[in-house]
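Welcome! Here is a short briefing to read alongside the sequence and the 3D view. Take a look at the structure, then follow the points below.

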Amino acid sequence: MALKDLIADHGKMTEEAIEAIVADFVRYDPKKHLIVFTPEAKKLGAEQTILLYLVAVEGWRYVTDDELNVETKPSELESILGIPGGTLRPSLKKLREAHLVTNDDGKYIVQLANLDAVAGIISGERTVVKKKAA
């Protein structure tokens with residue numbers, strides 16, 4: 001057997017991983033292009049909520065064929081998530097330093113390569129590792 005025989009469909013794996021992460025916490029409204037939080041999502045902390053939303057944004061590609069430009073700049077995240085800027089911005093910085101999200105031209109995007117870690121944080125099994133002071 002060659003290593004190539006062990007390759008799974010990356011797109012399918014990603015869709016399944018996203019679904020596993022968001023299933024209990026969000027619903028998609030394709031007609032209004034909204035991500036709707038379930039009551040279960042209210043139990044999450046700020047960092048978990050940020051990660052959850054950014055993962056759900058990635059899920060749109062599997063929900064609809066429409067090209068969606070979802071704004072994920074801090075000001076939009078603050079409004080959508082209801083997390084005050086004084087909490088949101090330090091949380092985004094911490095998530096970025098932990099390599100869980102990246103900033104692309106002001107928009108925040110979850111690192112799909114780290115979905116396992118993100119899933120652990122959202123489920124409460126893991127915490128975001130703080131960057132050690134120099």
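Phenylalanine 37 is partly exposed, with a relative accessible area of 28%. In this predicted model, phenylalanine 37 forms a tilted aromatic pair with tyrosine 53. That makes a friendly starting point for a tour of the aromatic pairs, of which the count comes to 2.

**The pair of phenylalanine 37 and tyrosine 53**

- The two ring centres lie 6.4 Å apart, and the planes meet at 35 degrees.
- Why does this pair count as tilted? An angle of 35 degrees is neither under 30 degrees, as stacked planes would be, nor over 60, as edge-to-face planes would be, so the pair falls in the remaining class.
- Phenylalanine 37 sits in strand 2 (residues 34–37) and tyrosine 53 in helix 2, so the pair links distant parts of the chain, 16 residues apart.
- Is tyrosine 53 buried or exposed? Tyrosine 53 counts as buried, at 5% relative accessibility.

**The pair of tyrosine 28 and tryptophan 60**

- In this pair the ring centres are 4.9 Å apart and the planes stand at 70 degrees, so the arrangement is edge-to-face.
- Tyrosine 28 belongs to strand 1 (residues 26–29) and tryptophan 60 to helix 2 (residues 46–63), so the pair ties together parts that are 32 residues apart in sequence.
- Tyrosine 28 is partly exposed, with a relative accessible area of 23%, whereas tryptophan 60 is buried, with a value of 4%.

**Threonine 49 in helix 2**

- Helix 2 is also where threonine 49 is found.
- Threonine 49 is buried, its relative accessible area being 12%.
- Which residues does threonine 49 contact, leaving aside neighbours within four places in sequence? They are Phe37, Ala41, Leu44, Leu81 and Ile83.
- Phe37, which pairs with tyrosine 53, is thus one of the contacts of threonine 49.

**The protein as a whole**

- The secondary structure comes to 5 helices and 4 strands.
- Along the sequence, these elements follow the pattern α-β-β-α-α-α-β-β-α.
- Of the 134 residues in the protein, 34% are buried.
- Taking contacts between residues at least 6 apart in sequence, 56% join residues at least 24 apart.
- The accessible surface comes to about 8600 Å², and 50% of that surface belongs to carbon and sulfur atoms.

Notes. Residues numbered from 1 in each chain as written. Predicted model: local features only at pLDDT ≥ 70, side-chain atom pairs only at ≥ 80, totals over all residues. Heavy atoms only, no water. Helix = DSSP H or I, 4+ residues; strand = E, 2+ residues; numbered from the N terminus. Buried < 20%, exposed > 50% of the residue type's maximum accessible area, 1.4 Å probe, protein only. Contact = heavy atoms within 4.5 Å. Areas by Shrake-Rupley, 256 points an atom, 1.4 Å probe, with all protein chains shown as cover. Phe/Tyr/Trp six-rings, centres within 6.5 Å; stacked < 30°, edge-to-face > 60°.
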